[in-house]
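Colleague: I am new to this structure and would like to learn how to read it feature by feature. Could we begin with the general idea each time, and then turn to the case at hand?

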Number of protein chains: 2
Amino acid sequence: MISSGEGAIRVERPTKTLRELALEKVRDAIISGHFKPGERLVERDLCAQLGVSRTIVREVLRHLESEGLVTNPTNKGPMVALLDIGEARQIYEIRGALEGMAAKLCAEKGDPDLVAQLDAALASIRKAYALNDMRSVLEETTGFYEALFTRVERQIAWGVVKLMTVRINHLRSMTIKTEGRSVDGPKQMQLIVDAIRAGNGAAAERAAIDHVRAAAAIADAVLSAQVPAAES
Amino acid sequence: MISSGEGAIRVERPTKTLRELALEKVRDAIISGHFKPGERLVERDLCAQLGVSRTIVREVLRHLESEGLVTNPTNKGPMVALLDIGEARQIYEIRGALEGMAAKLCAEKGDPDLVAQLDAALASIRKAYALNDMRSVLEETTGFYEALFTRVERQIAWGVVKLMTVRINHLRSMTIKTEGRSVDGPKQMQLIVDAIRAGNGAAAERAAIDHVRAAAAIADAVLSAQVPAAES
DNA sequence: CGACGGTTTTTGGTAGACCATAATACCCGA
DNA sequence: TCGGGTATTATGGTCTACCAAAAACCGTCG
């Protein structure tokens, strides 16, 4: 991303600032469900729990707000964002559009290295499924798509997809556990890779969209079942 | 967005918090070029200029950072983000994908009201061009696309497009001033509307993509000319 | 049981302090 | 004059304390 002219001998001290640490902690806590949707996030409580000052906490909350993980009704204080079923559908749709675009570009690029990388990622996913290691499944799947985007220099689209993804993370972890997903999921991704290998852009796009669509359908079912009819 | 059960008699005091005000001010200052790309944004200076405390300024900077308008090199302090030509291309591409998607959905919906609204927006754009009122051109164009997205309930995609758009705002204001743009721009948008009116989803999608593509091409030319060869 | 009124909680926002580090200016000796 | 080391300054990162106002809570009284 940064055009550092002078090679890779940079010292790169990964000085994480306290704020970044706190941000990750809170984000993970939300994603992992430690803080449940709708739960209030009281600034001073967070200060105590994180062991940092309000300055930090406020900045973190603001950041998460702009990520869509936290909502902030004025004069009420921040809370973990609720995921609307309509929003979830929209997010899956956006992912479909962008992942389809990336897959198409990959196919048109015709880079054997890329195909190899995707194959490897897919193998890892299958292995993780076999071991029932859902955490790794998610991780490797993320890696698969990261390659899909970044190998054709689409960092920004990848950023958007990541942003969207954190908001539906708990849905993701439910969809991958669904009956048959351990077979269907990789199979659909295989179709993407095959189309890319064949250099068939249109097919790659379609396959990517289909894969997201399948995940969306499962998520939809999960959400509908989970909240059959929220009373007024 | 919010399901307020009890009708529209809400008092709705638009109590903007200071922070929100400050955020808009700074964002506008960046978009309008008051703060130029690469310029340092010194926290204490901003405090003085905005008349708010450092807490607020820091939160605002963090927010703009996650919008991509500000970068924050560690140990250096925030500065207005530089727009890379590659990033600009990526952004136009994403807009193409999403606006194409929205246009297609609009066509498939077949809502006469929507068509009327788009026609009206387009008329306003033409009028603004005739008056050489570029500010209004931008505004009305935004309205056009907002309708395109929100009329088919794609608020999230619209949010993404808005996010992308602020980052290329100065490019936008240059492209619309380009020779012939006052004719070509509306003409291309007319094609979108026509396709929607005809209920032709594929054509609407194509027209939307073409329109973005044309803008991207101009932006590309502008950027390439502007920075012929940035030295190492 | 319900309305009223006060107390506590919590947010929005401010001021100012402290430290660490990066950049800059400066100064002194060879 | 040049080189190098040191003092200074600018700035971000972080903390604490404080205030006002909105909300939430709670207990009392009609």
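Modeller: Let us begin with helices, which, like strands, are DSSP runs numbered from the N terminus (H or I with at least four residues for a helix, E with at least two for a strand). The expected span of a helix is 1.5 Å times one less than its number of residues. Before we apply this, note that the model is predicted, that local features need pLDDT of at least 70 and side-chain atom pairs pLDDT 80 or more, while totals for chains, interfaces and linings use all residues. Residues are numbered from 1 along each chain as written, chains are lettered from A and ligands numbered from 1 in the order in which they are written, and side-chain values use heavy atoms, with hydrogens and water left out.

Colleague: What span should the 14 residues of α3(A) have, and how far apart are its end C-alpha atoms?

Modeller: At 1.5 Å a residue, α3(A) should span 20 Å, and its end C-alpha atoms are 20 Å apart, so the two values agree. The same check can be made on helix α6 (residues 134-150) of chain A, where 17 residues should span 24 Å and the end C-alpha atoms are indeed 24 Å apart. Just after α3(A), Gly68(A) takes a positive phi of about 90 degrees.

Colleague: How many helices and strands does the secondary structure of chain A have?

Modeller: Chain A comes to 10 helices and two strands, and from the N terminus on its elements run α-α-α-β-β-α-α-α-α-α-α-α. Its C-alpha atoms fill a box of roughly 55 × 55 × 35 Å, taken along the principal axes.

Colleague: Is α3(A) mostly covered or mostly open?

Modeller: Here we need the word buried, which means under 20% relative accessible area, with exposed over 50% and partly exposed in between (1.4 Å probe, protein chains only). By that rule α3(A) is mostly covered, with 10 of its 14 residues buried, including Ile56(A), Val60(A), Leu61(A) and Leu64(A). Charged residues such as Arg58(A), Glu59(A), Arg62(A) and Glu67(A) are also among the buried residues of this helix. For chain A, 45% of the 232 residues count as buried.

Colleague: Against which elements do the buried residues of α3(A) pack?

Modeller: Packing is judged by contact, meaning heavy atoms within 4.5 Å. The buried residues of α3(A) pack against α1, α2, β1 (70-71) and α7 of chain A, together with α1 and α3 of chain B. Helix α7 (residues 155-167) of chain A holds Arg167(A), which touches Glu67(A), Gly68(A) and Ile156(B), among others, not counting residues up to four places away in sequence.

Colleague: Which residues have the most contacts inside the largest nonpolar core?

Modeller: In soluble globular proteins, nonpolar side chains tend to be buried together. A nonpolar core is a set of buried Ala, Val, Leu, Ile, Met, Phe, Trp, Tyr and Cys residues joined through side-chain atoms within 4.5 Å. The largest one here has 102 residues, and Leu98(A), Ile196(A) and Ile196(B) have the most contacts inside it. Helix α4 (residues 85-109) of chain B gives the most to this core, with 12 residues. Among the residues that Leu98(A) touches are Phe149(A), Ile94(B) and Ala97(B).

Colleague: Which residues come nearest to DNA strand C?

Modeller: A residue is near a strand if one of its heavy atoms lies within 4 Å of it. Of the 23 residues around DNA strand C, Arg44(A), Arg54(A), Leu18(B), Ser53(B) and Ile56(B) come nearest, and α3(B) gives the most to this surface, with three residues. Of the strand's atoms within 4 Å of the protein, 64% belong to sugar or phosphate and the rest to bases.

Colleague: What polar contacts should I look for there?

Modeller: A polar contact is a pair of N or O atoms within 3.5 Å; within protein, one must be able to donate a hydrogen and the other to accept it, and residues adjacent in sequence count only if both atoms are side-chain atoms. A backbone N or O atom of Glu43(A) lies 3.2 Å from a phosphate oxygen of DNA strand C, while a side-chain N or O atom of Arg58(A) is 3.1 Å from a base nitrogen of that strand. On DNA strand D, a backbone N or O atom of Glu43(B) lies 3.2 Å from a phosphate oxygen, and a side-chain N or O atom of Arg44(B) is 2.8 Å from a base nitrogen.
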